[in-house]
Amino acid sequence: MATASAMIDFSNLPPLPEYHLTPLPSLLPPIPDKLLTLLLPIFAYWALSMFFHWIDTKDYFPQYRLHTPAEVSKRNRVSRWEVIRDVLIQQVVQTAVGWVLGMTEPDDFFGKEQYDVAVWARRIRIAEKSIPRLLATVGLDARGIAKTLGASHPTLAGALQGGQYPSLENLSAVGSASKVGTPGFAGWELMLASAIYWVLVPALQFGLAILVVDTWQYFLHRAMHMNKWLYTTFHSRHHRLYVPYAYGALYNHPFEGFLLDTLGASIAYKLAGMNTRQGMVFFAGSTIKTVDDHCGYALPWDPLQHITSNNAGYHDVHHQSWGIKTNFSQPFFTFWDRLLGTVWTGGDVSARYERSRLAAQKAFDTDNKKTTVTHSNPADSGTQDPKPYENDLRDATDLPSIPIKNRQPEPPAGKAELQAAGSRQQILDDKKDGGPGVLVDEAYEEKEARGFLRRSPRKRAPSTLSSKDGFKGLRDRVPTSMHGRARGIIGVDGSR
């Protein structure tokens, strides 16, 4: 009995076209593409950062700010010049690694595209050869059906017969009299093959690269927070920015910047098998997403804020003293946080992010209790599995030394309480740039804001938060001199 593979004739396939390779011209002459791949992420970083800095200094969209200029200067533990210096150091390292990576890549050529499309068309034709056998397993005679459809639907009939298209055969003379037919591709085969080659394969490559870089950064980023030595030695530098801003996105310890960002993106690029121009898009896109996540604005027309739940609002929680051990995912998606239980569960903190976004947030909260940007609900705190924070309250050995008044308000009981305890302890562990002063400053700021609320004649908006979870009307009442940020973040809890 013949095997299944023996029943399929692989010899009668359309021939593949000849091709001639030609060096691919530069996208922007006279800059070589490999050099442009190194320069474009740096240009994208500073161009987008300066855009946000411009609207920041001009105060064009105060209603969408997550934090105010006064808060940036008051709460951050590092000067802007130090941030710029360290970002430039990381970009020098990034460029050097990229240059080495480029030396391992072959030069780019064009001229083989039709050949590659034809290869995919051949694979489709080979797959068609199994159609008669597949139909026979359900009792259908593929050849009989094809004979019936031959006159009205010749292409469909050819596919049912296993990719036999007599009308597409090209006749060529052999000797002086005889002729032989050379099979050709059907139009639909070439169209599908082109879609696979030009769209599906690149999409899968980008999808794989995103998966790799998200996985790489999540687990290393999480390790930087869960291990005290790693945090205090390397990662605490990035968290000197309690109030992130756009060009602080790559403010890191140089070793961390190399390990998390540069090496992670390089591995993703290699594993996805991208070419130079794909890498150009991937590296620049990753940079833009990282800057956008640190921009400090929840702009409603910014597509990057809405494509995934990982955005400026989501990541801003991670920079707060009460959420620093949550929301580790970056730069694209949040699935690892959700799968492994490290997403912030303390509910909506919009009341803490202040003023002119109150109207939008009030509508957001009262309109059928829709989900916030961080997809966080205070009820989750009491229902979600406490992993991986079961021991954080026990290990917060320094926290009892801080008076309750200096670490208020309390988050919802349950998982959020454990997350807050571990986060505050991590602030205390950072002797150089954290410590009790951070918690004291925030408690004082909270007290001042509550006093202003009591004096304000404005009517407070209804809140879905409990009294101990915060003061939702804060952003509608806080004076600019103290907290001039308008409309607070959507989707972060009111318990700083």
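**Exercise 1. The pockets**

How do the residues of the lining of the second largest pocket divide into nonpolar, polar and charged? Work out the answer, and then set the largest pocket beside it.

*Solution.* This is a predicted model, in which local features need pLDDT of at least 70 and side-chain atom pairs count only at pLDDT 80 or more, while totals for chains, interfaces and linings use all residues. Residues are numbered from 1 along each chain as its sequence is written, and side-chain values use heavy atoms, with hydrogens and water left out.

Step 1 fixes the terms. On a 1 Å grid over the protein atoms alone, a pocket is an open set of points with protein on both sides within 12 Å along at least five of seven lines, where a 1.4 Å probe fits, and lining residues have an atom within 4 Å of a point. A volume is the space filled by probe spheres set on the points, which are joined across faces, edges and corners. Ala, Val, Leu, Ile, Met, Phe, Trp, Tyr, Cys and Pro count as nonpolar, Asp, Glu, Lys and Arg as charged, and the others, Gly among them, as polar.

Step 2 gives the answer: the lining of the second largest pocket has 14 nonpolar, 11 polar and 3 charged residues. The volume of this pocket is about 550 Å³, and of its 28 lining residues, Thr37, Pro41, Gln94, Gly98 and Phe283 are the closest to the centre. Helix 3 (80-103) provides the largest share of this lining, 7 residues; helices are DSSP runs of H or I, at least four residues, and strands are runs of E, at least two, numbered from the N terminus.

Step 3 turns to the largest pocket, which holds about 710 Å³ of space. Its lining consists of 26 residues, with Phe109, Glu113, Asp116, Tyr197 and Asn275 nearest the centre, and divides into 12 nonpolar, 6 polar and 8 charged.

**Exercise 2. The nonpolar cores**

Identify the residues of the largest nonpolar core that touch the most other members, and follow Val83 outward.

*Solution.* A nonpolar core is a set of buried Ala, Val, Leu, Ile, Met, Phe, Trp, Tyr and Cys residues joined through side-chain atoms within 4.5 Å. Buried means under 20% relative accessible area, exposed over 50%, and partly exposed in between, with a 1.4 Å probe and protein chains only. Among the 25 residues of the largest core, those touching the most other members are Tyr45, Phe52, Val83, Val87 and Tyr297, and helix 1 gives the most to this core, with 5 residues. Once neighbours within four places in sequence are left aside, Val83 is in contact (heavy atoms within 4.5 Å) with Val78, Leu241, Tyr245, Tyr247, Gly248 and Tyr251. A second, separate core has 12 residues, including Val212, Val213, Tyr269 and Met274.

**Exercise 3. Backbone features in loops**

Compare the settings of Asp59 and Asn327: is each one buried or partly exposed?

*Solution.* Neither residue is a glycine, yet a positive phi of about 55° is found at Asp59 and also at Asn327. Asp59 sits in the loop between helix 1 and helix 2 and counts as partly exposed because its relative accessible area is 41%. Asn327, in the loop between helix 12 and helix 13, counts as buried because its relative accessibility is 0%. The loop between helix 12 and helix 13 also contains Pro331, which a cis peptide bond joins to Gln330, with omega about -5°.
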